[in-house]
Every structure is written in C-alpha cells, then in structure tokens.
Amino acid sequence: MADRLPLLDRLRDPSERTLGLLLLAPAFVLLALIVVYPIGRLLWNSFFDLRLSGGGGAKFVGLDNYALVLTDQDFWNATANTLLITVITVPGALIVGLGLALLANLPFKRRWPVRLALLLPWALPLSFAGLIFAWFFHTEYGVVNDVLIRLGLEDRRDPTMWLLKPGWAMAAICLTIIWKTSSFMALILLAGLQMIPRSLYEAAEVDGATPWQQFWQVTVPMLMPSIVVALIFRTITALQTFDIPYTMTKGGPGHATQTLAMLIHATTIDYLDLGYGSTLAVCMFVMSLAVTAVYLRHIGRQAQ
Amino acid sequence: MTFLRRTTLGTMAAALAFSLAGFSAQAQTKLRVFSGGQNQRPDLMRKLFDQYQAANPGITIDIETGGATSELQRQYLSTVLNAKDSAIDIYMIDIVNPAQYFGAGWLEPLDTYVGPAATALKPYLPVYASANVVDGKVAALPAFADAMFMYYRKDLLAKHGIAEPKTWDELSAAAKKIQATEGNANLQGLSIQGAPIEGAVCTFLLPYWGQGKEFNDAAGRLTLDKPAAVKGLGTWLGMVDAGVIKKNVAEVKTPDTVNEFKAGQAVFAINWGFAWDRFKDDADSQVKGKVGVMPLPAMAGGRSATCVGGWQWAVSAFSKHKAEAAKLVKHLASPASSKFLAVEGSLLPTYAEVYTDADVNRQAPWFKDAAAVVVAGKSRPLSKDYGQVSDIIRTTTSAILARTKTPAEGVDETEGRLRRVMR
C-alpha cells in the first residue's frame, strides 16, 4: 500500500519523467531517422522542382507537381495498371493460397515435400521469378509456346507473342505474381488452419455436416483473422508491384504494363527528376495508406 | 652510455617512423575506377592500370565493374553520384551520357587539366570530339569507339551471286532471295534490336538518318521530320511482313542478335563492334571466316549513316584526388592506350591514325573497313535529359514493332513527349 502511491507520485515527479523520456529517446531517434525523416523529406521534395539535369538548385514550386500529376497520362495509366494487377492478383493469390494451405494441412504421412514446395516460390527473389517466367513466355524459346505447338493448339509459323500484346502481357504478369505470392498466402493461412481445434470438426461431424458445410461453417469463419492479415500484406505489396513486370516486360509493350512503382523508378533514376518522382511516391503512399485504413477499420469492426 | 644509446636509438626509430609515414602518405593516392561491365573489357583496363602504376609509383588503382548494359551502369552511377559519394574517382560512361552527367554536376570539367576543348579534343575522331564537349567545356575524354555495323554472311552472298546491298530495299530483296533458296525455316534475313533497350534508339534512328534527316540541331533542339520517321519505321515493318525480319522483333535484344547470327541463323545482322570478335573467336560460332562487315545501307535517295557508341573516361566531381585522376584519364585516352586496346582486344580506336597503324591492322584487319563506318557515324541526341529522351524513343519504337501502335501514332506520341524535353 505504501509502495503504490509513491509509484504514481514518482510518475508525476518531473525527474522521473525525464528518465522515462531518456530511456525512450534512443528508440524514438532511431525510428525518426529511418521512418519519419525519409517520409518527411519525400513530402518536402515533392514541393520542389528538383530536376538534376537543370544543373541549378532546387526551386520551390508549391503544389505545381501535384497539379501535373492530375494531367499526367502516364500517372493515370500506371495507376490503372497497378490497380488492375492488385484487383486480379490479390484474390487470385488468396484462392490459390487457400487451396495450397488446405492441401498442406491434409494428414499426409510425409508433409515436408508439400511444405517445401510451398516455401520455394516464396523464397525465390521476385526478379528471378520474373526472369524465369519471361523465358517461359518467350515467343520462340519459351516452354509455353513449345507445349501449345506440340499439342497442335498453335501454328508453328505464327506462335502467340505473349509478352508483346498488351492483354496477354498483363495476363502473363498476373499469373506470375499469383504463382509467386500464393505461397506467402498459404503459409499464413496454414498457420491459421492449424489453430482451429479438431473438436470443432468432430462436433460438426456429429451434427451431420458434410465436408463442404464444414468448410464454410467452421474453416472459413475461424480462418477469417488470418485471411484479413494476409490480405493486408498482399494488397500493400501488390500496390508496390515492381520487380516482376520490370523483369518480364519493362512495362511494355509501350506503357501497357507499367506500374506506379516503375514510373517512380523511371522518373527518379532514369530521368533524374527527383521532385516529380517524390510527388508520385507521395501519391502511392497515400494509396497504400487508404487501403490499410480500410482494412484496419474492418478489423476494428470485427473485434467489436 | 646506455642512456645515450637509448636516445640515439629512439631518435633513429622516430626518424624512421616519420620517413615511413611520409613515404606511405605519398604512396597512398588510391584511385578507384568504375570501368563499366564485361563488354567494356575490365581485364584490358586492368592491364592499362598496371602499366600506369608501374610508371607512376605513389598511385594505386582499384577497379570496380558494374552492370552488363549501359542502362544498368547509368542506374548504378546515378545512385552513387546523386549521393555525392567520393568513393569513385573516375568512371567510364557511354557516349550518350556526358551531357547528362555534366548537367547534373557529377563530373569535373577537365579544361584546367588538359587545356581548352578546342585543342584538347582536336586529335580525336570528330564525333567523339563533339560528344565530350558540353557548354564549351571538356566533360570527358574518349576511351574507345564503337558503332553499329552491318554484318553479313559473305559465303551466302557469294553463293547466290549477290553484291553488298547499298539500300534497304536492295538488302530486303537480297535477303528474301537467299532465304527462299536456302530452304532453312530458321534463317532470318535481317536481325535488328526491337526490345525496349538502348539499341532500339539506334533501330529508330538508322532508317531515319538514312534519309539524310537530322534528329536534332547543334543546340540540342528537336528537328524531327515526322513523315521521314514514319517512313523509316515503315521500312522495318515492311521487312517483317516480307518475312525478312522475324515477327517477334520487339523481343530481340543485343545478345539475341549476336547468338542467332553466330548460330548461322541470319543473313544480315546489325550490331555493335564487339560482336565481330564473338563471330570470329567463340568456340560455338558456326560462321567463322564467313562474316563480312559493310557500311549500313541508305534509304533510296538518302545516304548511309550509322549510330556511334563508345565509352568515355570522366573524373567525378566528388573525387578527393581530381588532379591525379585527371592525369590518369589523360593517359587512358592517349593514342598509346587506344592502340593497346585495339591490338589486345579489338576495341575500336578513337584516333583516325590508329586505324591505319601497322600493328593494329595485323591484329584486326577489318579495322580498315571499320574506320569508314565509324567516321560516317552520327551520335545519338546529346541531351542533358538523355535518360528520358532514350526512354521515350526506345519504348515507342518497341511498341510500334510489336504493332500495338501504328508508326504514325507512335511518331506523334514520340514527338509530343520529346518536344517537352528537348526544348
């Protein structure tokens, strides 16, 4: 009893508060350096004309860069491509990933081959996956056309040029992204599946539920928290898609598969236009933030 | 006595230490050189550095190599130089880059070290003398030359009694005739680069320049003649339709052309100078002794012109040893170094007289023909925004060759985008 009051008193004591702040300071400074400073600098740069090719210093242009974004066809094209990739690959990876997770969760005698197969695409660097699939879809040397020709589904003299037609190129990229990311989905969902108590299934079986009913009434609701977590991660990385289209098509044909992250890369690294590049990056940041907010609200509602 | 001896010894030791320190301070001028990728032959550059080190005690040279293509190297250097990193003293850059690097303030103008542009660059081939001067200042010095060459199968042309074609129409007809009679389904008439890589900029410019048109004026302003550009691209598409160029040309990169020509799968091929050694020396080359080099064809009524490449040495604006670096660059860009690179690695010289040097010709007899091609060559637009100019041209050219845009649409788009950059 005598101990408790002094604790509160001590917290009110300015010297104790100073100590607390001092103890927090290293973590705060570190975070500020690696998170707050870069984001602040990005925002700051987005108000300047920072074209290195000009040779001159930075020129404050206020919201000019943002006005330019609104009329920039490349920005809208890249945004549309990014959203299309997100809308196709996130549900795609969820469905494939759920299938893989259910498969890996079956009572096999040897589970490790299945789990290894699950881990491998996830462990592969994104750009490697892009390069591998670029070879698969190559008009002349690719295995896709080779198989189609052997099956008699394609004319040898006129094979499909998968990566040179806007629609097919986008489809090939989405397929690659789904292949690459569904194992990540599966890993998170598998962890979720293993937390569902067996007793629930036993009870459902006693009540006469078919496997199909068990899946919808037991598995899916119990798995929901894992699904939401997996979706948040996947959606944010989908909005930042860069490596796979960059290695497969370089955004081509034309700008048909250029994503927002690729446009930012081109603007800053190739065009050396750091001001406008920062503005584009701020726009992408806002998009990611908006998506995260939607998901977080959803989770908050679920928790209630 | 002991005391005296000790002091003497101490003094001697101190003196020795001081002189050692002095010596090592002198020996410690370390220059770090970024020497491009494997195609820029870092092995030969290392030999040049070793020679320089032997002649200049007190200088040690570290070599650093980077990405395989000009774009990858530019991306790497952009990152290093944008951070004002002083780690690299000298770097090798593509012929298209001096203006951009100068504009960004990344390279040290060499005038104070090598004299004014008018005299310092006079001995070099004109195209290199102009590419390395930006705003009247010496931005860099030429390392070695390169150009797009037209390689062809001497044996096939002789077999069918066809002379070296002088125009693109003649070339197309010759290729078609050979393809038809050879009866090899894999034999391409002509291989060009249509993937959105730097080579596609040349793919756009060759048939345009071939009509005697200029892409930009001396001040770097755009002088694009749209009908000529449409006609040039139409020439390529016509050859695709005729089966001379393959359908998936928009997928073809520089190494694809090299490998397919090397495997005997192309009658004509446009590629950089390094390809010659690949055709001649590679163990898996099917075309050894069967390859000829000729000037690029012109468009009917136009004149032959090729795309010049090549590499330059620049001193970093952030180097801490600029004077020493400039001295090394001067040596690397000397006639002696140019000759060394030509004899040892068939790298094209940047001096006219080296092309006719007896030692060089013994080693690389084809240089006699190459000289005319390089001298007639034109450089791609020299712009401080070259990164963007190149991206616009190669992306649209590739899209046109993939037939997602018509030449007229593509050229309109290219012009609209370039107008904003090349003002």
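**Exercise 1. Salt bridges and polar contacts between the chains**

Determine how many salt bridges the rule finds across the interface of chain B and chain A in this predicted model, and characterise the side of chain B that takes part.

*Solution.*
Step 1. Three salt bridges are found across the interface of chain B and chain A.
Step 2. A:Asp158 and B:Lys247 form a salt bridge, in which the closest N and O atoms lie 3.6 Å apart. The cut-off for a salt bridge is 4 Å, so the 3.6 Å of this pair satisfies it.
Step 3. Polar contact links nine residue pairs across the interface, with both residues at pLDDT 80 or more.
Step 4. On chain B, at least two residues of the side touching chain A come from each of helix H3 (70–82), helix H4 (98–103), helix H19 (386–401) and helix H20 (407–421).
Step 5. That side of chain B comprises 13 charged, 11 polar and six nonpolar residues.

**Exercise 2. Extent of the interface**

State how many residues each chain gives to the contact, and which three residues of chain B supply 20% of the area that chain B buries against chain A.

*Solution.*
Step 1. Chain A gives 29 residues to the contact and chain B gives 30 residues.
Step 2. Between them the two chains bury about 2500 Å², with 47% of this area on carbon and sulfur atoms.
Step 3. The 20% share of the area buried by chain B comes from B:Gln75, B:Lys247 and B:Glu251, more than any other three residues supply.
Step 4. B:Lys247 thus appears in two results: it belongs to this trio, and it forms the salt bridge with A:Asp158.

**Exercise 3. Strand S9 of chain B**

Establish in which sense strand S6 and strand S9 of chain B pair, and which way the residues of S9 point.

*Solution.*
Step 1. Strand S6 (residues 141–153) and S9 of chain B are antiparallel and pair over four bridges.
Step 2. One bridge partner can be named: B:Val291 of S9 is the partner of B:Arg153.
Step 3. Within S9 (residues 291–294), B:Val291 and B:Val293 point one way, while B:Gly292 and B:Met294 point the other way. All of these residues are buried.

**Exercise 4. The surroundings of B:Ser86**

Decide whether B:Ser86 is buried, exposed or partly exposed, and identify its contacts beyond four places in sequence.

*Solution.*
Step 1. B:Ser86 sits in the loop between H3 and strand S3 (90–94) of chain B.
Step 2. Its relative accessibility is 23%, so B:Ser86 counts as partly exposed.
Step 3. Beyond its neighbours within four places in sequence, B:Ser86 contacts B:Phe318 and B:Lys320.
Step 4. The side chains of B:Ser86 and B:Lys320 are joined by a polar contact of 3.1 Å.
Step 5. B:Ala317 is 231 residues from B:Ser86 along the chain, yet their C-alpha atoms are separated by 8.3 Å.

Technical notes. Residues numbered from 1 in each chain as written. Chains lettered and ligands numbered in written order. Predicted model: local features only at pLDDT ≥ 70, side-chain atom pairs only at ≥ 80, totals over all residues. Heavy atoms only, no water. Contact = heavy atoms within 4.5 Å. Buried area = accessible area lost by both parts, 1.4 Å probe. Salt bridge = Lys/Arg side-chain N within 4 Å of Asp/Glu carboxyl O. Polar contact = N/O pair within 3.5 Å; in protein donor to acceptor, adjacent residues only side chain to side chain. Nonpolar A, V, L, I, M, F, W, Y, C, P; charged D, E, K, R; others polar. Buried < 20%, exposed > 50% of the residue type's maximum accessible area, 1.4 Å probe, protein only. Pairing = 2+ DSSP bridges.
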